[in-house]
Amino acid sequence: MECNKDDALRAKEIAEKKFMERDYAGARRFVLKAQNLFPALEGLADMLSTLDVYISAENKICGEADWYGILGVNPWDDDEAVRKQYRKLALVLHPDKNKSIGAEGAFKLLLEAWSLLSDKSKRLTYNQKRNSRVVQQSSNGFYSNKMSTNLDSNNRVNVASVPSQPRRKNDTFWTICNRCKTHYEYLRVYLNHTLLCPNCQEAFYAVEKAPPPHVFKPSNSHSNQSHLY
């Protein structure tokens with residue numbers, strides 16, 4: 001077993017090197033290898049928790065980190081579930097307890113995730129970006145449907161994703177921004193709420209409207225993400 005421990009230590013050292021190179025997925029693979037070789041090696045579980053935060057932070061949604069992934073919760077989890085998970089991870093990632101490489105940065109990311117997801121207004125706006133599909137009318141009169149997008153600091157377009165829960169028939173509704181007349185399709189949970197228009201950045205009250213012309217509304221459920229038209 002001692003030879004396994006030496007190999008596990010080498011694997012852990014490689015993982016730390018890959019972390020410094022910002023290859024977080026590669027670092028995680030070597031931590032798992034070390035864990036398989038010598039499960040009792042100190043600090044491996046803490047290092048895995050730390051790396052999972054960095055990996056989620058690299059998964060950009062609307063130009064932002066995947067805050068739900070960082071916190072380890074689902075977009076449809078209630079406030080209490082989010083609070084419990086935050087407290088659990090805070091104990092694991094706090095630098096006073098977690099001595100693995102990168103723990104301090106992971107803890108700061110956790111605090112950012114909690115700051116956003118514990119604020120009802122910020123969480124609603126963030127969910128709105130993740131969930132929306134947009135239909136806009138072009139100058140030639142044709143409609144195009146695409147996922148809601150946002151430009152990051154490098155002016156690259158990032159496609160917004162939706163929660164990975166299954167979509168059921170009639171679980172979405174169409175609405176329209178009163179100012180710019182852009183059509184949106186949202187999950188029904190946002191019906192009769194005041195939302196922020198991603199196109200013109202003005203607030204509007206989301207009442208149900210008829211779908212825009214030439215948009216086909218599928219009758220069967222689809223999982224994981226919305227289709228583009």
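Author: The expected span of a helix is 1.5 Å times one less than its number of residues. This is a predicted model, and that rule can be tried on α2.

Reader: How do you know that the length of helix α2 agrees with the expected span?

Author: Helix α2 covers residues 24–37, which is 14 residues. The span should therefore be 20 Å, and the end C-alpha atoms are 20 Å apart.

Reader: What makes the buried residues of α2 line one face?

Author: The buried residues are Y24, G26, A27, V31 and A34. Seen down the helix axis, they fall within an arc of 155°, so they line one face. An α-helix has 3.6 residues a turn, so residues three or four places apart point the same way. The face turned away from the buried side of α2 carries exposed R29 and N36.

Reader: Why is C177 called buried, and C180 partly exposed?

Author: Buried means under 20% relative accessible area, and exposed means over 50%. C177 has 1%, so C177 is buried. C180 has 26%, which lies between the cut-offs, so C180 is partly exposed.

Reader: How many disulfides are there?

Author: The count is zero. A pair needs cysteine sulfur atoms within 2.5 Å.

Reader: Why is strand β5 called largely enclosed?

Author: Five of the five residues of β5, residues 172–176, are buried, so the rest of the structure largely encloses this strand. T172, W174 and I176 point one way, while F173 and T175 point the other.

Reader: Which strand is joined to β5 by bridges?

Author: Strand β6, residues 183–187, is joined to β5 by five bridges, and the two run antiparallel. F173 has Y186 as its bridge partner in β6. Six residues lie between the strands of this hairpin, where K181 takes a positive phi near 65°.

Technical notes
Residues are numbered from 1 along each chain as its sequence is written. This is a predicted model: local features need pLDDT of at least 70, side-chain atom pairs count only at pLDDT 80 or more; totals for chains, interfaces and linings use all residues. Side-chain values use heavy atoms; hydrogens and water are left out. Buried means under 20% relative accessible area, exposed over 50%, partly exposed in between (1.4 Å probe, protein chains only). Helices (H or I, at least four residues) and strands (E, at least two) are DSSP runs, numbered from the N terminus. The arc is that of the directions from the helix axis to the C-beta atoms. Two strands pair if DSSP finds at least two bridges between them.
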